[in-house]
Amino acid sequence: MEKELKNDVNVVDKEIQELPNNLPLSDNKSVEFEEISLAFKQILATDNTDRLFDLFDTTIAVLDIDGNILIAKKWQKICTDFHRVNAESCQKCLESDTQLANDLEEGKEYTVYRCKNGMVDCASPITIEGHHIANVYVGQFLFEEPDLSFFRANAKKYGFDEKAYMEALSDVPIIDEKSQVALHYLTEISKFISVMAIEKIRAMKLEKNYQEELNKKLNEEIEKNRKKEEIMIAQSRHAAMGEMIGMIAHQWRQPLQIINMNVNNTLADIDFEEITMENLQVNSKSILTQTEHLSKTIDDFKNFFSPN
């Protein structure tokens with residue numbers, strides 16, 4: 001029993017060790033995946049990738065892993081004017097796109113799928129920094145002469161104009177199923193887009209890091225200058241305060257001397273018994289006059305340095 005338990009533990013431990021290190025955080029989509037996916041869509045929207053597709057004489061498209069069309073070029077009329085217009089047949093298109101994407105196994109360069117509306121599509125994954133971001137589709141062709149009865153039944157089922165629908169069908173190219181040219185072309189396109197996107201995303205990351213570092217240094221310099229300015233303001237205030245105290249001391253010196261003289265005169269009159277009410281009143285009034293002058297000096301300086 002103990003031996004079997006150890007074996008079970010070892011098996012579970014081995015399975016845990018084999019799990020990928022970059023497991024998604026939620027809904028099978030990591031934060032990094034979302035960032036790369038968003039950047040990739042921005043690249044397709046702003047760069048000349050669609051112009052590149054104009055150079056090729058075949059139906060080509062880029063869809064994200066949720067089946068949303070990011071770029072579509074030279075689609076067959078049977079798809080744009082019929083299959084993708086009718087709600088029911090369009091749903092089959094979306095189901096086929098999803099199935100084709102699901103068939104792209106990890107490490108698989110391409111997959112071939114016959115859609116539910118009768119067209120043949122090939123898809124190759126676009127992988128960026130280890131994340132399956134989107135798929136490149138080359139398709140809307142046939143491997144053999146079409147089953148006309150199948151497509152006439154489609155026209156009747158979905159209410160298509162049979163004549164126009166069959167004319168659109170006649171424009172669909174027929175490719176030898178054994179030919180690898182289209183598949184080789186598909187894989188090369190997906191690799192090219194992946195490399196281009198990787199380089200662009202890395203450049204965007206470098207620019208973002210540069211801007212963050214630049215902003216960090218700028219904020220540091222702003223903080224340094226702010227502290228220097230605070231020190232200079234404090235020093236200026238201290239200097240102004242010292243100057244003000246010096247001016248007050250200068251203005252107070254003479255009144256204090258007069259007060260001191262009147263007090264000494266009064267004390268001398270008392271000592272020599274020569275004090276009279278008249279002298280006492282004169283000295284007292286003089287002292288009051290000087291104290292009022294001292295008080296007025298304080299008010300004058302206070303008003304001068306007031307912010308208002």
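**Overall architecture and local features of the predicted chain**

Of the 308 residues in the protein chain, 30% are buried. The model described here is a predicted one, and a reader meeting the fold for the first time may like to begin with its inventory of elements. The secondary structure of the protein chain amounts to nine helices and five strands. Followed along the sequence, these elements give the pattern α-α-α-β-β-α-α-β-β-β-α-α-α-α. Contacts also link parts of the protein chain that are far apart in sequence: among contacts between residues at least 6 apart, 60% join residues at least 24 apart.

A good place to look next is the pairing of two helices. Two packed helices are described by the angle between their axes and the distance between the axes. Helix H6, which covers residues 148-158, packs against helix H7, residues 162-170, at an angle of about 135°, and the axes of H6 and H7 lie 10 Å apart. Angles over 145 degrees would count as roughly antiparallel and those from 65 to 115 as roughly perpendicular; H6 and H7 are therefore oblique to each other. The crossing in which H6 passes H7 is right-handed. On the H6 side, the contact involves Leu-148, Phe-151, Arg-152, Asn-154 and Ala-155, which meet Glu-162, Tyr-165, Met-166 and Leu-169 of H7. Sorted by character, the residues of this contact between H6 and H7 comprise six nonpolar, one polar and two charged.

Beyond H7, the chain runs through a loop to helix H8 (181-271), and Asp-176 is found in that loop. Asp-176 has a relative accessibility of 49% and so counts as partly exposed. Asp-176 and Glu-144 are 32 residues apart along the chain, while their C-alpha atoms are separated by 7.4 Å.

Helix H8 itself offers several residues to visit. Ile-248 has its place in H8 and is buried, because its relative accessible area is 19%, where the buried class takes in values under 20%. The C-alpha atom of Ile-248 is separated by 7.3 Å from that of Thr-297, a residue 49 places away along the chain. Met-261 also lies in H8, but at 46% relative accessibility this residue counts as partly exposed. Between the C-alpha atoms of Met-261 and Asn-283 the separation is 9.0 Å, with their positions 22 residues apart along the chain. Asn-283 appears again in the surroundings of Thr-266, another residue of H8. Setting aside residues up to four places away in sequence, Thr-266 touches Ile-275, Leu-280 and Asn-283. With a relative accessible area of 13%, Thr-266 is buried.

The cysteines deserve a short stop as well. A disulfide is a covalent bond between the sulfur atoms of two cysteines. For a pair to be counted, the two sulfur atoms must be within 2.5 Å, and by this rule the count comes to zero disulfides. For Cys-79, the closest cysteine sulfur is that of Cys-93, at 6.0 Å, which is too far for a bond. Cys-93 is likewise in no disulfide; the nearest cysteine sulfur to Cys-93 belongs to Cys-90 and is 5.6 Å away. Cys-79 counts as buried, with a relative accessibility of 6%, and Cys-93 is buried with a relative accessible area of 6%.

Finally, the backbone holds two details worth pointing out. Lys-74 has a phi near 55°, a positive value in a residue other than glycine. This lysine sits in the loop that joins strand E2 (69-73) to helix H4 (77-83). Lys-74 is partly exposed, its relative accessible area being 37%. Gln-140 likewise shows a positive phi, near 60°, and is a residue other than glycine. Gln-140 belongs to strand E5, residues 131-141, and at 6% relative accessibility Gln-140 counts as buried. Lys-74 in its loop is thus partly exposed, whereas Gln-140 in its strand is buried.

Technical notes: Residues are numbered from 1 along each chain as its sequence is written. This is a predicted model: local features need pLDDT of at least 70, side-chain atom pairs count only at pLDDT 80 or more; totals for chains, interfaces and linings use all residues. Side-chain values use heavy atoms; hydrogens and water are left out. Axes are lines fitted to C-alpha atoms, for helices over the stretch in contact, and angles run from 0 to 180 degrees between N-to-C directions. Helices (H or I, at least four residues) and strands (E, at least two) are DSSP runs, numbered from the N terminus. Angles under 35 degrees count as roughly parallel, over 145 as roughly antiparallel, 65 to 115 as roughly perpendicular and the rest as oblique. A crossing is left-handed if the near helix is turned anticlockwise from the far one by less than a right angle, and right-handed if clockwise. Contact means heavy atoms within 4.5 Å. Ala, Val, Leu, Ile, Met, Phe, Trp, Tyr, Cys and Pro count as nonpolar, Asp, Glu, Lys and Arg as charged, and the others, Gly among them, as polar. Buried means under 20% relative accessible area, exposed over 50%, partly exposed in between (1.4 Å probe, protein chains only).
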